[in-house]
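Morning, everyone. Please bring up the sequence and the model, and we'll go through one strand pair and then the internal cavities.

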Amino acid sequence: MPRTTTVESAGCPPLRALTFDVLGLIKVTEARSTLGGVPKVVERWGEPESSRCVLAASTNDRKIDPLLAVARKSGVIELISSINGDLRVSLPSGNQAEVQSQEDNIVGLHLFKKQTSESSSRSCTLLTCTTKGLSTLRSFTIPKSPGDSTSDDAQVTWNVCAAGNVLCCKVDENENYALFGGKGVEVNIWDLATHTKIWTAKSPPKNSLGIFTPTWFTSATFLCKDDHRKFVGGTNSHQVRLYDMAAQRRPVMSFDFRETPIKAITEDQDGNTIYIGNGSGDLASVDIRTGKLLGCFLGKCSGSIRSIARHPDLPMIASCGLDSYLRIWDIKSRQLLSAVFLKQHLTNVIFDSHFNEDEVAASVAPSEQKEEDELIERDEELPPIVKRKKKKTKSRDVDRDDDDDDESHSVKRKKSKKSQNDDDDEGPHLKEKKKSKKAKNVDKYEEGLLSVEHEKLKKVKDRKSKKSKGERVDLE
């Protein structure tokens, strides 16, 4: 697949997206109307290192001091400023030794938007979940300076599964309930206030051939903002299932999508549409009320889709995955607006809903003007550049060839003149002798030819005479 994508579009509206990759880099991509709506990477936060791979990310997208929570492969959770990428807090995992020994990586992370203590804007609450099902709800206060230690107000830990591996974790819009599911783990709902399980799904029955599909959820999301009872889950057997807690424990509706596992699901703001991405790079929108496929997004990705984000205000979504591309799509036309190649495999993408193009331009314009003024001053101080004409080497070679030709012609002329002079120096007697020698040689040659013909005629006559007499003829 080529690294560049040709897109016939007028460009993207002003937006800002943050992407996370397997080397732990956070890249900020912005699209501005002044640049023709073409997204470009404007910042890169962090240093590349495989142990710092971003496994999960969540944001508190508030207007004042927005924060970004990032879970690393090493077990460390970092709180970063969404504006400039400054590290605010680094939280080591409570069971870091156990994480490294059992490879119990963090698979779910949620940074709560509502504050536990309204008096302090520096208080935060985090929910984390590991592969083995160890969930932790932690509240802490962000220090004023990065060197100060954090103060943990409360920390609660519980296990959401007795066996299997948790692969997906999601918190509802009101941040009261959490959803967990995975390989060998049926989807279950927990109340975050009491830390108790309130509902567990039941696996579907065997099909008409008597084959039982093993439980393997790869992604899940709540369907409505106001109703936590309806949610959608994607499985490794390329099935999409709709659950309703008020109806039954088994799926209310299920359908197959393509032939590869479902890797990412996100909901739309209308509460009826979902966006699905699978392991072969197919991206589509589905009306979950009927299970009808509304359409696939034009422009197939060349790798597995790992994250889909819906813009909170603009009618567009962003997708990223193992093909290292960040793609921006239009929801209505399902066409690709732009694609940005980011070099590493991508794990997550998040939109910045409070991005203001005018504020960014106002903050950047003075610095750019200073740089331009400095460059102009430097150019004025430098002496003028004098361009020297380069001599053509081809003309030199042509002149040399002409000179060689002239020399050869002059040598030939000299030789011809010498031969004429030699002929003039010779006397008339010598010329006559040469002519007589040539005539004698011609005569000798003609006499030799005649003698040979005479011998041939004699042999022919002898053969005829012998035949007439009846004698034996010798053939030579």
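Start with a pairing. In S19, Asp256 is the bridge partner of Gln239. Strands here are DSSP E runs of at least two residues, numbered from the N terminus. This is a predicted model: local features need pLDDT of at least 70, side-chain atom pairs count only at pLDDT 80 or more, and totals for chains, interfaces and linings use all residues. Residues are numbered from 1 along each chain as its sequence is written, and side-chain values use heavy atoms, with hydrogens and water left out.

Strand S18, residues 239-244, runs antiparallel to S19, and four bridges join them. S19 covers residues 253-256, and its side chains alternate. Met253 and Phe255 point to one face and are buried (under 20% relative accessible area, 1.4 Å probe, protein chains only). Ser254 and Asp256 point to the other face and are not buried.

Now the cavities. A cavity is a set of points on a 1 Å grid over the protein atoms alone, where a 1.4 Å probe fits but cannot get out; lining residues have an atom within 4 Å of a point. How many reach 30 Å³ or more? Two.

The largest has a volume of about 60 Å³. Its lining includes Arg16, Asp61 and Phe351. Strands S1 (15-21) and S28 (346-351) each give two or more residues to that lining.

The second largest has a volume of about 40 Å³. Among its lining residues are Cys301, Ser319 and Tyr325. S25 (316-321) and S26 (325-330) each give two or more residues there. S25 gives the most, with three.

Definitions and conventions:
Buried < 20%, exposed > 50% of the residue type's maximum accessible area, 1.4 Å probe, protein only. Pairing = 2+ DSSP bridges. 1 Å grid on protein atoms, 1.4 Å probe; cavity = no way out; pocket = protein on both sides within 12 Å on 5 of 7 lines; lining within 4 Å. Points joined across faces, edges and corners; volume = space filled by probe spheres on them.
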